Amino acid sequence: MVAFGKKLKERQIQEWQGYYINYKLMKKKVKQYANQNQAGTLEHRYVLKDFSRMLDNQIERIVLFILEQQGILARRIAQHSKQQESLQEEPDISKISELREAYGALGHDLLKLLSFVEMNAIGLRKILKKFDKRFGYKFTDYYVKTRANHPYSQLQQVFKHVGLGAVFGAISRNLVDLQDRQGSYLSIYDQPALPLQDPVVDSIKSAIDRLSHSTNFLNFLAQHALIMHEEFPSPSGDEHDVDQRYHFVSLLLNLANTFLYMVNTYIIVPTADDYATSLGAAATVCGVVIGAMAVAQIFSSVYFSAWSNKSYFKPLVFSSIVLCVGNVMYALAYDLNSISILLIGRLLCGFGSARAVNRRYISDCVPLNVRTQASAGFVSVSALGMACGPALAGLLQTKFKIYNITFNQETLPGWVMALAWLIYLVWLWISFIEPAHETEVNHVPEASSAAEHDKLEQGPEQPLLLKSTENEQEEGGDEEYDASEEAPEESRRPANSLGSAYRLLTPSVKVQLLIYFMLKYAMEILLSESSVVTTYYFGWGTSTVSIFLACLGLTVLPVNIVVGSYVSNMFEDRQILLASEIVVFLGILFSFNFIIPYSVLQYVCSGLAMFVSAEVLEGVNLSLLSRVMSSRLSRGTYNGGLLSTEAGTLARVVADATITLAGFLGESKLLNITLLPSLVICVTSIVATCFTYNSLY
């Protein structure tokens, strides 16, 4: 794959060459600093001061050029506006058409300027990372913090680009006004969704979205999916290939698979303790019953992720068959009076977890213009499945026999899900269209252009300045090889094992994975032990527990609407992250049974606070994770999505095991003993967040 320095030269606009970041010069300067530092002839303070001054000069030149170009575009818009005003008095179809073409040309020039800003922002990020790597400093934290928050900051212009947004707004508004609105007096300010029948507007919007970290509701939801975004925008030809592979019904089938799997996971929670008791085990064995699915998912996530490199249809078929068989075994365990059959059935259900395939299909086969909506859909159906599972269990309160096979509240969840997976399998077989698969290639210096632009998994938009990116290869054959960096082809390949993926994790990434582990652990403790705890303290039946769990699940989408549409526009993600962790801590703290008698109000309010704050935390956590994670983890089998899934699944396994082990000490001590590890892990994550807070800017 071509190094950034060469890619910068290839993508430079020729007449603007002198205004781009001088990446080659700055890289040589970093190398010179490193050599002098090793020789002991250079003070650290001098290095920081000199490099900061050089960066300031580079950014100033870039920003002044951006402002100059904005002024040129603004003058052209003003001239076209005068022509537009005269056309309102004396309409002329040919002149209106010419004016539309003129605005289109303006749009193309704005696209050039946006590309200029984007390449310079990537260059700044890369050179800051290179400096940190060479010297082991946290220079990026210092530089961005001091420059971005300063009232006279020029750095703000690079990644806030307010002026460019205003230019885009003017072009969009005038293009809408020139359309035949058929008597309508609405403008884009009255109705932002007015259709613009001009492809240049869509292109500009996509470019601006890449430059900014958009925080509308769909993008906030999409962050939960952790479908990582490609650093360099794909060439139009590549996007055309994705369009050809896209099939709407196949996308629906992937979303349906996600929905059914989440229903399958949580439908047994209200009755798992009763089922375990009916088979002669302790009620707290429900932790093992529920967690068996998560144990198997740890392994299934890996082989499904690898399988999706070759096919999407076959793993989905395999998943459906395994889940159907697993649910039948779960249901038959009652009549066979075997806890072993019950656990094997749940393990099989876990081995059928195809969420890695669902994620991969969205990232590889869904066009960029609908990928955010598809990612948001992935999260939404997961939340809906989480709510529908317990609610459905509450409706299955009946008992009858057919041919000596028992159908009751314990076995019906298995039979219902087996039937659902069978129907899904038929629909999948009839309707799914296998897209043409790309063969992953090893990136070598002589790789073709097609190989250079291998599809990366894409998802939430990322800010340009601070995403942790791949190591750069040295440019030019005449330059001395930098032994501190990876070999060029090696530095571009996706991780090929969990070990190599782990080595790519920076302290910031590890902290975010710890936070993800913590929130999944806390949520699993709350959900999995709810049936045992509420029966012991409040005498709740299956229906009441089902309603409680369903209500918790139904809070997911409203909470994300509020956070995604409002809160995330008012505060930085890292601020929301820390605040959410503190609320999770308070929710766990007040869930302890330190007040006698333990009240329903205390349990419900503390549980709701913990669950809702954990949901908020998950969104911002995965958003930050996608930014600080290496782009080498954005594709391949061992990708960022798989790592986060493994962390969350491991948390669920540990939580369910904790419930079962704590059950040996008696149900009276179950609540406090299981909450104690949650509290310790939460405090640890808060401390770790404080230590890495500046790196999350």
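A contact is a pair of residues with heavy atoms within 4.5 Å. In this predicted model, 83% of the contacts in the chain between residues at least 6 apart in sequence join residues at least 24 apart. The secondary structure of the chain comprises 29 helices and two strands. Of the 697 residues in the chain, 58% are buried. The exposed surface of the chain amounts to about 28700 Å², and 62% of that area is supplied by carbon and sulfur atoms.

The interior was examined for enclosed space. Eight cavities of 30 Å³ or more are found in the structure, and the largest cavity holds about 440 Å³ of space. A total of 26 residues line the largest cavity, and those nearest its centre are Met262, Arg355, Tyr516, Lys520 and Glu618. Two or more lining residues are contributed by each of helix H9 (217–225), helix H11 (248–266), helix H16 (355–365), helix H17 (368–395), helix H22 (507–528), helix H27 (600–628) and helix H28 (640–663). By residue class, the lining of the largest cavity consists of twelve nonpolar, seven polar and seven charged residues.

Selected buried positions were then considered. Ser530 belongs to helix H23, which spans residues 530–538. The relative accessible area of Ser530 is 0%, and the residue is therefore classed as buried, the limit being under 20%. When residues up to four places away in sequence are set aside, Ser530 touches Val269, Val545, Leu549 and Tyr603. Two cysteines are also withdrawn from the surface: Cys286 counts as buried because its relative accessibility is 1%, and Cys682 counts as buried because its relative accessibility is 0%. A search of the whole structure for disulfides returns zero; no pair of cysteine sulfur atoms is thus found within 2.5 Å.

Several loop positions show the opposite exposure. Gly280 is located in the loop that connects helix H12 (272–278) with helix H13 (286–307). This glycine has a relative accessible area of 69% and is therefore exposed, the threshold being over 50%. Gly280 is separated from Ile339 by 59 residues in sequence, whereas the C-alpha to C-alpha distance between Gly280 and Ile339 is 8.2 Å.

Backbone geometry was considered at two asparagines. Asn337 lies in the loop between helix H14 (313–336) and helix H15 (339–351). The phi angle of Asn337 is near 50°, a positive value in a residue that is not glycine. With a relative accessible area of 52%, Asn337 is exposed. Asn404 occupies the loop between strand S1 (400–402) and strand S2 (405–407). Although Asn404 is not a glycine, its phi is positive, at about 65°. Asn404 counts as exposed because its relative accessibility is 65%.

Terms used
Residues numbered from 1 in each chain as written. Predicted model: local features only at pLDDT ≥ 70, side-chain atom pairs only at ≥ 80, totals over all residues. Heavy atoms only, no water. 1 Å grid on protein atoms, 1.4 Å probe; cavity = no way out; pocket = protein on both sides within 12 Å on 5 of 7 lines; lining within 4 Å. Points joined across faces, edges and corners; volume = space filled by probe spheres on them. Helix = DSSP H or I, 4+ residues; strand = E, 2+ residues; numbered from the N terminus. Nonpolar A, V, L, I, M, F, W, Y, C, P; charged D, E, K, R; others polar. Buried < 20%, exposed > 50% of the residue type's maximum accessible area, 1.4 Å probe, protein only. Areas by Shrake-Rupley, 256 points an atom, 1.4 Å probe, with all protein chains shown as cover.
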